Amino acid sequence: MIKAWEHLKTIVRHKNLVRAGCFRVGLYRQGIMHDWSKYSPVEFLVGCKYFRGNMSPNNAEREDKGYSQAWLHHKGKNRHHLEYWIDYAAKKDGHGGMTGMKMPVRYVVEMFIDRVSASKNYQKDAYTARSALEYYEKGRGHYIMHEDTEALLVYLLTMLAVKGERQTFSHIRNRVLKGLVPYEKGELDRRTKALNAVGKRG
């Protein structure tokens, strides 16, 4: 019962953080609907059983069983996860194997906010503006993601690390979601490089 209560509090705390972030950039519906599948039995009961407090219960389930049933369900229901967008490449594009599809910008933004909120939720007082970027970089080689989508996510995580939350969220609302930032790898990599240069100077 204690684990169930602590898991519920973690979900609610995370949803509140994501909702606040989404509202700041104008994604009101996504802020309200974020992660509703976590209340379904297949996800909630696993979360209660494997609750640790400092990591995702899905990771604990995966360590125990070799796979996470809760995660397989979750990624198929939530478009802000890059795994939702993994599909077979069209034969005309070459190999026809598994690849990441280019995510709509609004879901990349929700993914960014989700990652920042998860870092705050699990790291608590140890959280810094660099936390989400550092966590992403640890697993970067394992992601299957469209190159433009990855470039946009890294750009936003880097901006947060260098410029802080207020300026990053304002930039997302007033430029990224209005299509004023080109959604393509070359331009985004250039902007990320410029941000890193600012970070090193300062």
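**Pockets, buried residues and aromatic pairs**

Helix 2 is the element that gives the most to the lining of the second largest pocket, contributing three residues. The model described here is predicted. This second largest pocket has a volume of about 280 Å³, and 13 residues line it. Of these lining residues, R29, M33, H34, K77 and N78 lie nearest the centre of the pocket. Two elements, helix 2 (28-33) and helix 6, each give two or more residues to this lining. Sorted by class, the lining of the second largest pocket holds five charged, five polar and three nonpolar residues.

The largest pocket encloses about 1200 Å³ of space. Its lining is made up of 40 residues, and those nearest the centre are S56, N59, W71, A118 and Y135. Several helices give two or more residues to the lining of the largest pocket: helix 1 (2-25), helix 3 (41-49), helix 4 (57-65), helix 5 (69-75), helix 6 (105-123) and helix 7 (131-138). Among these elements, helix 6 gives the most, with eight residues. By class, 16 of the residues lining the largest pocket are polar, 14 are nonpolar and 10 are charged.

Helix 3 also contains buried residues, namely E43, F44, V46, G47 and C48. The cover over the buried residues of helix 3 includes helix 1, helix 4 and helix 5. For C48, the relative accessible area is 12%. This residue is counted as buried because its value falls under the cut-off of 20%. A second cysteine, C22, has a relative accessibility of 0% and therefore also counts as buried. Across the whole structure, the search for disulfides finds zero. A disulfide is a covalent bond between the sulfur atoms of two cysteines.

The search of the whole structure for aromatic pairs finds six. One of them is formed by F23 and Y28, whose ring centres are 5.2 Å apart. The angle between the two planes is 65 degrees, and the pair is edge-to-face because this angle is over 60 degrees. F23 has a relative accessibility of 31%, whereas the value for Y28 is 41%. Both F23 and Y28 count as partly exposed, because these values lie between the limits of 20% for buried and 50% for exposed residues. Elsewhere, the aromatic residues Y84, W85 and Y107 form one cluster.

Note on methods
Residues are numbered from 1 along each chain as its sequence is written. This is a predicted model: local features need pLDDT of at least 70, side-chain atom pairs count only at pLDDT 80 or more; totals for chains, interfaces and linings use all residues. Side-chain values use heavy atoms; hydrogens and water are left out. A disulfide is a pair of cysteine sulfur atoms within 2.5 Å. Buried means under 20% relative accessible area, exposed over 50%, partly exposed in between (1.4 Å probe, protein chains only). On a 1 Å grid over the protein atoms alone, a cavity is a set of points where a 1.4 Å probe fits but cannot get out, and a pocket is an open set with protein on both sides within 12 Å along at least five of seven lines; lining residues have an atom within 4 Å of a point. Grid points are joined across faces, edges and corners, and a volume is the space filled by probe spheres set on the points. Helices (H or I, at least four residues) and strands (E, at least two) are DSSP runs, numbered from the N terminus. Ala, Val, Leu, Ile, Met, Phe, Trp, Tyr, Cys and Pro count as nonpolar, Asp, Glu, Lys and Arg as charged, and the others, Gly among them, as polar. Contact means heavy atoms within 4.5 Å. Rings of Phe, Tyr and Trp (its six-membered ring) pair if their centres lie within 6.5 Å; planes under 30 degrees apart count as stacked, over 60 as edge-to-face and the rest as tilted.
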